Each structure stands twice: as C-alpha cells, then as structure tokens.
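Visitor: Could you walk me through this structure? I have not seen it before.
Guide: Certainly; please have the sequence and the model in view as we talk.

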Amino acid sequence: GSTAMPETSRRGLLFGTAAVSAGALLTACTSNEPKKTEPAGNSAPADDKPGKAVTIGFAGPQADHGWLNAINVNAKSRAETYSDVTLEITEGSNDTAAQIGQVKTLINKKVDVLVVLPADGKALTQVGLEAMRAGIPVVNLDRIFASPQAYRCWVGGDNYGMGLNAGHYIGEQLKDKPNAKVVELAGIDNLELTKQRSQGFADALKNYSNIKLVAR
C-alpha cells in the first residue's frame with residue numbers, strides 16, 4: 001500500500017500544522033522533500049499546487065531591531081511565493097492598546113488564520129482568546145500568551161537555555177580571571193522571556209566561583 005499523503009487543501013495544512021518559524025514566518029505548507037516515485041495506479045496530485053485561497057493575518061510589534069524586522073521581511077516574501085495566500089500584515093506597534101486594536105480588526109476581517117507576535121504576551125492574551133472563540137486558529141510567536149487556550153500553537157525559543165548558554169560562554173571566557181565582575185544588560189523585564197533568560201544566565205554563572213554578577 002502507498003504511504004502517500006492524501007490530498008489536503010492548503011487551508012487544512014495551514015490550520016492543522018500552523019507551520020511558522022522565527023526565521024521565515026510563513027513556512028512552506030508543502031513538502032520540500034524530493035518527490036518519491038509512487039506505485040503504479042496512484043493518482044494523488046502533487047502537493048505543491050495552489051489550494052483554496054486563504055488570508056493570513058499577522059500582527060507584530062514595532063520592528064525596532066534586526067530580528068523583528070527579519071520576521072516581517074521573511075513573512076512578506078514567503079507569502080508572495082504562494083498565489084493562494086494573502087497576507088494581511090499590520091503596522092507594528094509596541095503600544096499594547098494599539099496592537100489589541102489591530103488584532104481585533106483582523107478578527108473582524110475574518111482572516112483564516114492569525115499569527116501574533118505580541119508586544120506583551122500577557123496583555124494580548126484576551127484578544128488571542130477572542131480570536132480562538134471566533135474560530136480563527138492563532139499562532140502565538142515568540143512572546144507567549146498567558147493561557148494555552150489563546151493559541152493553537154506557540155513557536156518560540158528556549159529562553160532559559162539561551163541565558164544558560166550565554167552564562168556558560170561568559171564563564172569560560174573569565175574562568176581564569178580572579179574576582180571577575182559581570183554586568184548583565186537585560187531586555188524588557190515585564191516579558192516572561194526576559195525573566196527566563198536572566199534566570200538561565202544567573203544559574204550558569206553560579207558554576208564559576210570567581211565570577212560575581214555585580215549589576216543588572
């Protein structure tokens with residue numbers, strides 16, 4: 001018997017997998033694997049043909065540094081490669097009330113799927129819940145909502161691990177320096193990811209008795 005995937009609409013793939021990555025916000029909803037030779041008589045169509053038209057709404061914070069700007073640029077460029085995908089992207093804002101308003105507008109437009117990189121995950125949780133209740137699958141990117149009910153899936157990094165790795169790197173650089181002093185330049189403190197990174201950083205430095213974290 002064939003193991004080929006049955007025909008699945010692009011809409012279904014978007015809803016079912018909500019394939020998103022930090023580097024390229026809208027990842028291909030088709031396989032990048034080389035096509036395998038199908039057994040004789042299998043007429044399953046290629047999975048890279050346009051499917052039902054879908055609109056993806058994306059609301060993110062102001063692109064005030066390179067990583068956030070790359071998110072926006074990659075989202076736009078990837079969406080343009082699919083004739084059946086329309087990307088509705090809002091003007092980035094770090095103002096919580098403004099971003100909530102933007103997401104509400106996307107909900108009212110009845111987009112098929114909603115991708116939200118919140119300026120503040122906790123503050124945007126309620127509007128994420130609102131979208132899910134409206135039947136719009138939500139992909140929560142990076143800064144996580146306070147409730148798992150506010151999103152279909154979350155795509156983010158191991159923030160504690162980032163801090164831990166940074167701490168070990170600094171520790172190895174300074175391990176032979178007596179009475180080494182380190183200052184941590186932290187991110188936005190009301191974001192959960194900042195707290196996780198700082199905790200990982202501090203935990204790593206505890207392994208180096210010669211290093212003191214003197215300021216944050």
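Guide: Let us begin at Val214, which is partly exposed, with a relative accessible area of 41%. Please keep in mind that this is a predicted model.

Visitor: Where does Val214 sit?
Guide: Val214 belongs to strand β7, which covers residues 211–215.

Visitor: Which residues form a nonpolar patch with Val214?
Guide: Val183 and Leu185 join Val214 in a nonpolar patch on the surface. Together the three have about 320 Å² of accessible area.

Visitor: And what about Glu184: which residue does it form a salt bridge with?
Guide: Glu184 forms a salt bridge with Arg216, and their closest N and O atoms are 3.4 Å apart. This pair links distant parts of the chain, with the two positions 32 residues apart. Glu184 is in the loop between β6 (180–183) and α6 (192–205), while Arg216 is in the segment after β7.

Visitor: Is Glu184 buried or exposed?
Guide: Glu184 is buried, with a relative accessible area of 10%. Its partner Arg216 counts as partly exposed, at 48% relative accessibility.

Visitor: Which residues make up the network of salt bridges there?
Guide: Glu184, Asp189 and Arg216 are linked in that network.

Visitor: How many salt bridges are there in the whole structure?
Guide: A search of the whole structure finds 7 salt bridges. One of them joins the side chains of Glu172 and Lys175, at 3.0 Å from N to O. Glu172 is partly exposed, with a relative accessible area of 39%, and Lys175 is partly exposed as well, at 43%.

Visitor: What does Asp142 pair with?
Guide: Asp142 forms a salt bridge with Arg143, where the closest N and O atoms are 3.9 Å apart. Asp142 is buried, at 11% relative accessible area, and Arg143 is buried too, at 13%.

Visitor: Let me step back. How many helices and strands does the protein have?
Guide: The protein has 6 helices and 7 strands. From the N terminus on, the order of the elements is α-β-α-β-α-β-α-β-β-α-β-α-β.

Visitor: What share of the residues is buried?
Guide: Of the 216 residues, 40% count as buried. The protein exposes about 12200 Å², and carbon and sulfur atoms supply 52% of that area.

Visitor: And what share of the contacts comes from residues 24 or more positions apart?
Guide: Such residues account for 66% of the contacts with a separation of 6 or more.

Visitor: Now for a strand. Which residues of β3 are buried on its two faces?
Guide: Strand β3 spans residues 113–116, and both of its faces are covered. Val113 and Val115 are buried on one side, and Leu114 and Val116 are buried on the other.

Visitor: Which way do β1 and β3 pair, parallel or antiparallel?
Guide: Strand β1 (residues 54–59) pairs with β3 in the parallel sense, over 4 bridges. Within this pairing, Ala59 stands opposite Val116.

Visitor: How many bridges join β3 to β4?
Guide: There are 3 bridges between β3 and β4, and these two strands run parallel. Val115 of β3 stands opposite Val139 in β4.

Visitor: What lies in the loop after β4?
Guide: Ser147 is one of the residues in the loop between β4 (138–141) and β5 (153–155). At 16% relative accessibility, Ser147 counts as buried. Apart from its neighbours within four places in sequence, Ser147 is in contact with Thr125 and Leu129.

Visitor: How many aromatic pairs does the structure hold?
Guide: The structure holds 1 aromatic pair. The rings of Phe145 and Tyr151 have centres 6.3 Å apart and planes at 45 degrees, so the pair is tilted.

Visitor: Why does 45 degrees make the pair tilted?
Guide: Planes under 30 degrees apart would count as stacked and planes over 60 as edge-to-face, so a pair in between is called tilted.

Visitor: Are those two rings' residues buried or exposed?
Guide: Phe145 is buried, with a relative accessible area of 4%. Tyr151 counts as buried too, at 15% relative accessibility.

Visitor: One last residue: where is Ala98?
Guide: Ala98 lies in helix α3, which covers residues 96–108. Ala98 is partly exposed, at 30% relative accessible area. Its C-alpha atom is separated by 9.9 Å from that of Pro61, a residue 37 positions away along the chain.

Key:
Residues numbered from 1 in each chain as written. Predicted model: local features only at pLDDT ≥ 70, side-chain atom pairs only at ≥ 80, totals over all residues. Heavy atoms only, no water. Phe/Tyr/Trp six-rings, centres within 6.5 Å; stacked < 30°, edge-to-face > 60°. Buried < 20%, exposed > 50% of the residue type's maximum accessible area, 1.4 Å probe, protein only. Contact = heavy atoms within 4.5 Å. Areas by Shrake-Rupley, 256 points an atom, 1.4 Å probe, with all protein chains shown as cover. Patch = residues over 30% accessible without salt bridge, like charges linked within 9 Å, V, L, I, M, F, W, Y side chains within 5 Å. Salt bridge = Lys/Arg side-chain N within 4 Å of Asp/Glu carboxyl O. Pairing = 2+ DSSP bridges.
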